[in-house]
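Subject: Structure handover and notes

Dear colleague,

Please find the structure for your review below, followed by notes on what was found in it.

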Amino acid sequence: MKFNIKSALVVISFIALILGCNNNDKSKGNSSKAILDTVSLSNKRFALAYQDGNKIVATSIDTMKQISFGGATDPAISPDGNKLAYTVNDTAGHRTIWVADMENKSQAQLQVSSDNYYQAIWSPSGNSIAFNIFKDEKKWKIGIIKSDNSGFIILDNSSKANIYSPTWKNEQEIIGQDLVNIYTFNIAGKLISTTAIADFIGNDFSISSSSRFFYSKDGKKLMFNAGNTDKLDGLTGPSEAVYILDFANKKVDRISPKGMNASYLFVTADDRIFYNGAEKPYAQSKIYVSDLKGNSKLIVDKGTNPTGTLK
């Protein structure tokens, strides 16, 4: 079944308000706040969140319950479908992450000592959130905070490496990459392993800071998006696709079809693979879901940056 924005029954407006704080004081973080309106969302479970142009959409699996709002980016729906993390950009150029409870309409900014952190991703249980954070205006690192807004730490705090695109390997371990290596950390911040990306997937792919690596639930497969050498007539820039590596035979298979530019990937803790892809004339991305065997189906006719809940 394809999700259709026009079928939305509930709409929530997020209105950006400028607070009376000093934008030059970085310790105060973001100067904008997203305000939920008074529409009741009780007993509505959402299954998918994604970007549609300049707004975020969250929808139930049957499309009968749906919300949309502007003023935010990088949607990340919680595994239980009741909360939504998102990035807010203020007028001073700060990026901060907020979390909205879609049942009681409460919302709060993550208590992080930075004014440049974004791209939230929930742990499999929903108890913690990882994200990219620009530390001391020098390096990109991975931050973690509990869902109750406590226990903030930065992983790999002392090294000089940039670490991008965090994902959760499991509830206790987090993955990040620096364009050359894949790093595995535990949630206490200890580096567990470092593996060259080429040792995993070979040298036929190009990796960017937005390339994401997800392990399957059993740890036997690795899903990732990466650039390739495909020549797609009409596409501006390099082509990307979604792939899956089987550790047992070291074979890499393509999930997104040839002729499609697939630039974003998200994998749930129960091994459903969401990605957005655009086909010629590459003017509009659609959202697909796939299983580990590469059986994909279209679920949203227009959208990017999908994240999904557990079934």
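To read the hairpins described below, please take strands (E, at least two residues) as DSSP runs numbered from the N terminus, and count two strands as paired if DSSP finds at least two bridges between them. This is a predicted model, in which local features need pLDDT of at least 70 and side-chain atom pairs count only at pLDDT 80 or more, while totals for chains, interfaces and linings use all residues. Residues are numbered from 1 along each chain as its sequence is written, and side-chain values use heavy atoms, with hydrogens and water left out.

The main item is an open sheet of four strands, in which the order is β22-β23-β24-β25 and the pairing is antiparallel. The edges are formed by β22 (260-267) and β25 (296-300), each of which pairs on one side only. On average, and with direction ignored, neighbouring strands of this sheet are turned by 35° against each other, where the axes are lines fitted to C-alpha atoms and angles run from 0 to 180 degrees between N-to-C directions.

Going through the sheet pair by pair, β22 and β23 run antiparallel and are joined by seven bridges. These two strands form a hairpin with five residues between them, and D271 in the turn has a positive phi of about 70°. Strands β23 and β24 also run antiparallel, with six bridges joining them, and they form a hairpin with five residues between them, in whose turn Y282 has a positive phi of about 60°. F274 in β23 is the bridge partner of F266, and F274 also stands opposite V289 in β24. At the other end of the strand order, β24 (residues 285-290) pairs with β25 in the antiparallel sense over four bridges, and S290 stands opposite S296 in β25.

Strand β23 (residues 273-279) is mostly covered, since six of its seven residues are buried; buried here means under 20% relative accessible area, with exposed over 50% and partly exposed in between (1.4 Å probe, protein chains only).

A separate note concerns L155, which lies in strand β13 (residues 153-155). L155 is buried, with a relative accessible area of 1%. Not counting residues up to four places away in sequence, L155 touches K141, I142, I144, I174, F185, N186, I187 and G189, where contact means heavy atoms within 4.5 Å. L155 and L191 are 36 residues apart in sequence, and their C-alpha atoms are 8.3 Å apart in space.

With best regards
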